[in-house]
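Got your viewer open? Let's take a short walk through this protein chain, one selection at a time.

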Amino acid sequence: EHRYTLEVVAQKIFHGKLDKGLGDATDWGIEDIRRATGRPNLHKGTLNICVGDQYREYKLRVDHRLDRTDRSDERDEDLCFERCWLIIAERRIPAVIAQTSRNHHGQNGVFEIMAEWVDGLNPGDAVDVALRVEPE
């Protein structure tokens with residue numbers, strides 16, 4: 001007899017567009033981030049996904065944390081990460097939302113997303129971000 005467990009995960013989808021970033025995250029210590037998140041294939045840098053006013057509905061759920069004292073790049077800010085998925089056309093790509101203790105982009109309705117390399121995206125392209133929703 002085979003038994004299967006089906007886990008249903010409630011999700012909140014934020015509809016956004018790829019925005020041009022500042023390039024600052026390319027200087028973050030990627031090996032530290034990969035170790036902290038348990039995601040060995042994360043690409044260096046972030047994708048900036050602008051979700052505009054929807055951002056007001058968002059509160060970071062910290063799944064992983066990298067304290068400033070553990071950063072080899074010597075940046076004086078903590079990094080927190082929440083697991084998510086990028087939805088691009090028919091693809092679901094595992095990723096993390098990265099938020100610094102200063103949350104520079106969050107003030108402008110932008111998620112900074114770290115994912116495995118995603119080819120062929122250009123500023124203005126539609127990208128959705130799916131987040132888990134905890135049951136009440």
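Start by selecting alanine 115 and everything it touches. Leaving aside residues up to four places away in sequence, alanine 115 has contacts with Asn41, Leu42, His43, Leu86, Ile93, Pro94 and Ala95. Keep in mind as you look around that this is a predicted model.

Now put a distance label between the C-alpha atoms of alanine 115 and histidine 43. You should get 5.9 Å, even though the two residues are 72 apart along the chain.

Next, switch to cartoon view and find the element that holds alanine 115: that's strand β6, covering residues 110-115. Then turn on the surface. Is alanine 115 buried or exposed? Its relative accessibility is 5%, so alanine 115 counts as buried, the cut-off being under 20%.

Time to select the cysteines. Click cysteine 80, which is buried at 11% relative accessible area. Then hop over to cysteine 50: this one is partly exposed, with 29%. Looking for disulfides? The count is zero.

Finally, zoom out and color by secondary structure. How many helices and strands are in the protein chain? You'll find one helix and seven strands. Trace them from the N terminus and the order reads β-α-β-β-β-β-β-β.

With the full surface showing, you're looking at about 8,500 Å² of accessible area, 47% of it from carbon and sulfur atoms. Of the 136 residues, 40% are buried. And if you draw contacts between residues at least 6 apart in sequence, 66% of them link residues at least 24 apart.

Terms used
Residues numbered from 1 in each chain as written. Predicted model: local features only at pLDDT ≥ 70, side-chain atom pairs only at ≥ 80, totals over all residues. Heavy atoms only, no water. Helix = DSSP H or I, 4+ residues; strand = E, 2+ residues; numbered from the N terminus. Buried < 20%, exposed > 50% of the residue type's maximum accessible area, 1.4 Å probe, protein only. Contact = heavy atoms within 4.5 Å. Areas by Shrake-Rupley, 256 points an atom, 1.4 Å probe, with all protein chains shown as cover. Disulfide = S-S within 2.5 Å.
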